[in-house]
Amino acid sequence: MAFQMDRIDRRILKLLQKDGRLTNADLAQKVSISPATCHRRTQRLIEEGFITGFRAMVHPPAVARGALVMVGVVLDRSTPESFAAFEAAIRKLSFVLDCHLVAGDFDYFLKIRVQDMADFNKLHGEQLIAFPGVRQIRSFFVMKEVTDNAPLDF
């Protein structure tokens, strides 16, 4: 039988998105169920793939990664092999936070965190332009982060 989320499950998800450090007891109290029931429900949400993990949100400037750069990439060929080669290369780079295959003028959009423009210039010259099958790279320095990693609305 397929798992059916109810309003309590949705409330658990919303609360954990807002604060993943909530204790089970606090979470149970906020959704008005017993701690044992809350634990079972949370475990089920994890097992069913609704919750994929927990992690701390680190303030980028505190770890010398205050500059955010969005990078549009165009590959020289649109083949499964060229996409696979590019994606394999990207997965090896720790400075790439996100990589998305997109429709439109670019093949991929990358979200990259670096210390500053000089740091990005070095990465661009030594690594980005050397990716397999890259024809064009366009970089966009973010001037202001209005919202980032907002909770899903459901």
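This is a dialogue about reading a predicted model, taking its helices, sheet and a few single residues in turn.

Colleague: I'm new to this one. Where should I begin with the sheet, and what is the order of its strands?

Modeller: Keep in mind that the model is predicted. As a general idea, strands of a sheet pair through backbone hydrogen bonds, either parallel or antiparallel. Here you have an open sheet of four strands, in the order S2-S3-S1-S4, and the pairing is antiparallel.

Colleague: Which are the edge strands?

Modeller: Look for strands that pair on one side only; these are S2, residues 96-101, and S4, residues 134-141. While you're there, follow the twist, which averages 20° from one strand to the next.

Colleague: How many bridges join S1 to S3?

Modeller: Seven of them link S1 (residues 67-75) with S3 (residues 108-114), and the two strands run antiparallel. You can trace the register with two pairs: Ala 67 has Val 114 of S3 as its bridge partner, and Val 69 has Ile 112 of S3.

Colleague: And how do S2 and S3 pair?

Modeller: Also in the antiparallel sense, over five bridges. Leu 101 sits opposite Tyr 108 of S3, while Asp 98 faces Lys 111 of S3. The two strands make a hairpin with six residues between them, and Gly 104 in the turn has a positive phi of about 120°.

Colleague: What packs on the sheet?

Modeller: Helix H4, residues 80-91, does, and it touches S1, S2, S3 and S4. The direction of H4 makes about 15° with that of S3. Helix H5, residues 117-126, packs on the sheet as well, touching S1, S3 and S4, with its direction at about 175° to that of S4.

Colleague: Why is S3 described as largely enclosed?

Modeller: Check burial residue by residue, with buried meaning under 20% relative accessible area. Six of the seven residues in S3 are buried, so the rest of the structure largely encloses this strand.

Colleague: Let me try one residue in S3, then. Is Lys 111 buried or exposed?

Modeller: Lys 111 lies in S3, and it counts as buried because its relative accessibility is 13%. Leaving out residues up to four places away in sequence, Lys 111 touches Leu 68, Val 69, Met 70, Phe 95, Val 96, Leu 97, Asp 98 and Asp 148. Asp 98 is the residue that stands opposite Lys 111 in the strand pairing.

Colleague: Now the helices. At what angle do H2 and H3 pack?

Modeller: H2 (residues 24-31) and H3 (residues 35-47) pack at about 100°, and their axes are 8 Å apart. The two helices are therefore roughly perpendicular to each other. On the H2 side the contact uses Asn 24, Leu 27 and Ala 28, and on the H3 side Pro 35, Cys 38, His 39 and Thr 42. Sorted by class, that contact has four nonpolar, three polar and no charged residues.

Colleague: How does H1 pack with H3?

Modeller: H1, residues 7-18, meets H3 at an angle of about 80°, with the axes 10 Å apart. That angle makes H1 roughly perpendicular to H3. Ile 8, Asp 9, Ile 12, Leu 13 and Leu 16 of H1 meet Cys 38, Arg 41, Thr 42 and Leu 45 of H3. By class, this contact has six nonpolar, one polar and two charged residues.

Colleague: Cys 38 turned up in H3. How many disulfides does the structure hold?

Modeller: A disulfide is a covalent bond between the sulfur atoms of two cysteines. The structure holds zero disulfides. You can still compare two cysteines by accessibility: Cys 38 counts as buried because it is at 0%, whereas Cys 99 counts as partly exposed because it is at 30%.

Colleague: One last stop, in a loop. Where is Gln 127 found, and what does it touch?

Modeller: Gln 127 is in the loop between H5 and S4. With a relative accessible area of 27%, Gln 127 is partly exposed. Apart from residues up to four places away in sequence, Gln 127 touches Leu 93, Phe 95 and Lys 122. Take Leu 93 as an example of reading distance: Gln 127 and Leu 93 are 34 residues apart along the chain, and their C-alpha atoms are separated by 9.3 Å.

Technical notes:
Residues are numbered from 1 along each chain as its sequence is written. This is a predicted model: local features need pLDDT of at least 70, side-chain atom pairs count only at pLDDT 80 or more; totals for chains, interfaces and linings use all residues. Side-chain values use heavy atoms; hydrogens and water are left out. Axes are lines fitted to C-alpha atoms, for helices over the stretch in contact, and angles run from 0 to 180 degrees between N-to-C directions. Angles under 35 degrees count as roughly parallel, over 145 as roughly antiparallel, 65 to 115 as roughly perpendicular and the rest as oblique. Contact means heavy atoms within 4.5 Å. Ala, Val, Leu, Ile, Met, Phe, Trp, Tyr, Cys and Pro count as nonpolar, Asp, Glu, Lys and Arg as charged, and the others, Gly among them, as polar. Two strands pair if DSSP finds at least two bridges between them. Buried means under 20% relative accessible area, exposed over 50%, partly exposed in between (1.4 Å probe, protein chains only). A disulfide is a pair of cysteine sulfur atoms within 2.5 Å.
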